[in-house]
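User: I'd like to learn how to read a protein model feature by feature. Could you walk me through this one?

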Amino acid sequence: MSSYIFKVVMVGDPAVGKTSLVMRYVQGFFQHDYKSTVGTQIMSKEVYVKGVMVKLSIWDIGGQEKFDTLAPTYYKGAVGGLAVFDLTHRETFENVPKWISRVQKYGNPNSPIIIVGNKSDLVDERQVSLDEAMELADKLGFPYVEASAKSGKNVIKIFELIAEKIVSRKIEG
Ligand code: G3D
Ligand code: MG
């Protein structure tokens, strides 16, 4: 039995791999074409952090990323976020600060956030270097992790890390 339920929101431009990361984490596999999922999907998974079982309630917006009007309800009550961009599409990286500020504005202003550079498996198509991503993350004050929903690299790590950050924040007050 988990003592805590934490709402975590997936944010980032369309097609960066938000749904693929959640599916890989919750169901354990990668599959093409989640386009049929329209509307907000909520998936949950229990994770053991610092001796406490917590339940992550992971909110994944589907297809309406463009519409700002949906923001308030999507973010309401969120205590953490994964700000995802696509390492092979530079523009999605440049939009990361905008997504983070939405989580802070409509969710909780002190929410821990992990910046995730996804599609690290596409080495030859890369448009964002590790150094510049680290630099942005340092500037914003959040951890940066490179992941791949396709290969599975660091997928468990990003969700465990956000759970850990949220738990630490709770303990520290
Ligand atoms: P979104 O939920 O952010 O909109 P999706 O993104 O999870 O729907 O993924 C968008 C596309 O990127 C999908 O391609 C998906 O298969 C692909 N993708 C997601 N994560 C990765 C990854 O880590 N590596 C690679 N190579 N591709 C990834 P399709 O072709 O199905 O539209
Ligand atoms: Mg999606």
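Analyst: Happily; we will go through the sheet, the helices, the core and the aromatic rings in turn. Keep in mind that this is a predicted model.

User: Let's begin with the sheet. In what order do the strands lie, and what is the pairing?

Analyst: The general idea is that strands of a sheet pair through backbone hydrogen bonds, either parallel or antiparallel. Here, six strands make an open sheet with mixed pairing, and their order is β2-β3-β1-β4-β5-β6. β2 (41-49) and β6 (144-146) are at the edges with a single partner strand each, so one side of each has no neighbour in the sheet. From one strand to the next, the twist averages 25°.

User: Which sense does the pairing of β1 with β3 take?

Analyst: Strand β1 (residues 4-11) and strand β3 (residues 52-60) are joined in the parallel sense, over seven bridges. To find your way along β3, look for Val54, the bridge partner of Tyr4.

User: Now the helices. Which strands does α1 lie across?

Analyst: Helix α1 (residues 18-27) lies across β1, β2, β3, β4 (80-86) and β5 (113-118), and it runs at about 50° to β2. You can compare that with helix α4 (residues 96-106), which lies across β1, β4 and β5 and runs at about 150° to β5.

User: How many residues of α1 are buried?

Analyst: Eight of its 10 residues are buried, so α1 is largely enclosed by the rest of the structure. Among them are Leu21, Val22 and Met23, but also Lys18 and Arg24. Just after α1 comes Gly28, with a positive phi of about 85°.

User: What should I look for in the nonpolar core?

Analyst: In soluble globular proteins, nonpolar side chains tend to be buried together. The largest nonpolar core in this model has 52 residues, and those with the most contacts inside it are Met10, Leu21, Leu56, Leu82, Phe85 and Phe159. Helix α6 (residues 155-172) gives the largest share of this core, eight residues.

User: Which residues does Met10 touch?

Analyst: Leaving aside residues up to four places away in sequence, Met10 touches Lys18, Leu21, Val22, Ile58, Trp59, Asp60, Tyr74, Leu82, Val84 and Phe159.

User: Two of those are aromatic residues I'd like to follow, Trp59 and Tyr74. How do I read a ring pair?

Analyst: A pair of aromatic rings is described by the distance of the centres and the angle of the planes. The structure holds seven aromatic pairs. In the pair of Trp59 and Tyr74, the ring centres are 6.4 Å apart and the planes are at 70°, so this pair is edge-to-face. Trp59 belongs to strand β3 and Tyr74 to helix α2 (residues 71-75), so the pair ties together parts that are 15 residues apart in sequence.

User: And what is the geometry of Tyr75 and Tyr106?

Analyst: Their ring centres are 5.8 Å apart with planes at 25°, so that pair is stacked. With Tyr75 in helix α2 and Tyr106 in helix α4, the pair ties together parts that are 31 residues apart in sequence. Ring pairs link Trp59, Tyr74, Tyr75 and Tyr106 into a cluster.

User: Is Tyr75 buried or exposed?

Analyst: Tyr75 is buried, at a relative accessible area of 3%. Tyr74 is buried at 4%, while Tyr106 is partly exposed at 27%.

User: Where do charged ends sit over rings?

Analyst: The charged end of Lys45 sits over the ring of Tyr25, 4.7 Å from the ring centre. Arg102 has its charged end over the ring of Trp99, 4.7 Å from that centre.

Key: Residues numbered from 1 in each chain as written. Chains lettered and ligands numbered in written order. Predicted model: local features only at pLDDT ≥ 70, side-chain atom pairs only at ≥ 80, totals over all residues. Heavy atoms only, no water. Core = buried A, V, L, I, M, F, W, Y, C linked by side-chain atoms within 4.5 Å. Buried < 20%, exposed > 50% of the residue type's maximum accessible area, 1.4 Å probe, protein only. Helix = DSSP H or I, 4+ residues; strand = E, 2+ residues; numbered from the N terminus. Contact = heavy atoms within 4.5 Å. Pairing = 2+ DSSP bridges. Axes fitted to C-alpha atoms, helices over the stretch in contact; angles between N-to-C directions. Phe/Tyr/Trp six-rings, centres within 6.5 Å; stacked < 30°, edge-to-face > 60°. Lys NZ or Arg CZ within 6 Å of the ring centre and 35° of its normal.
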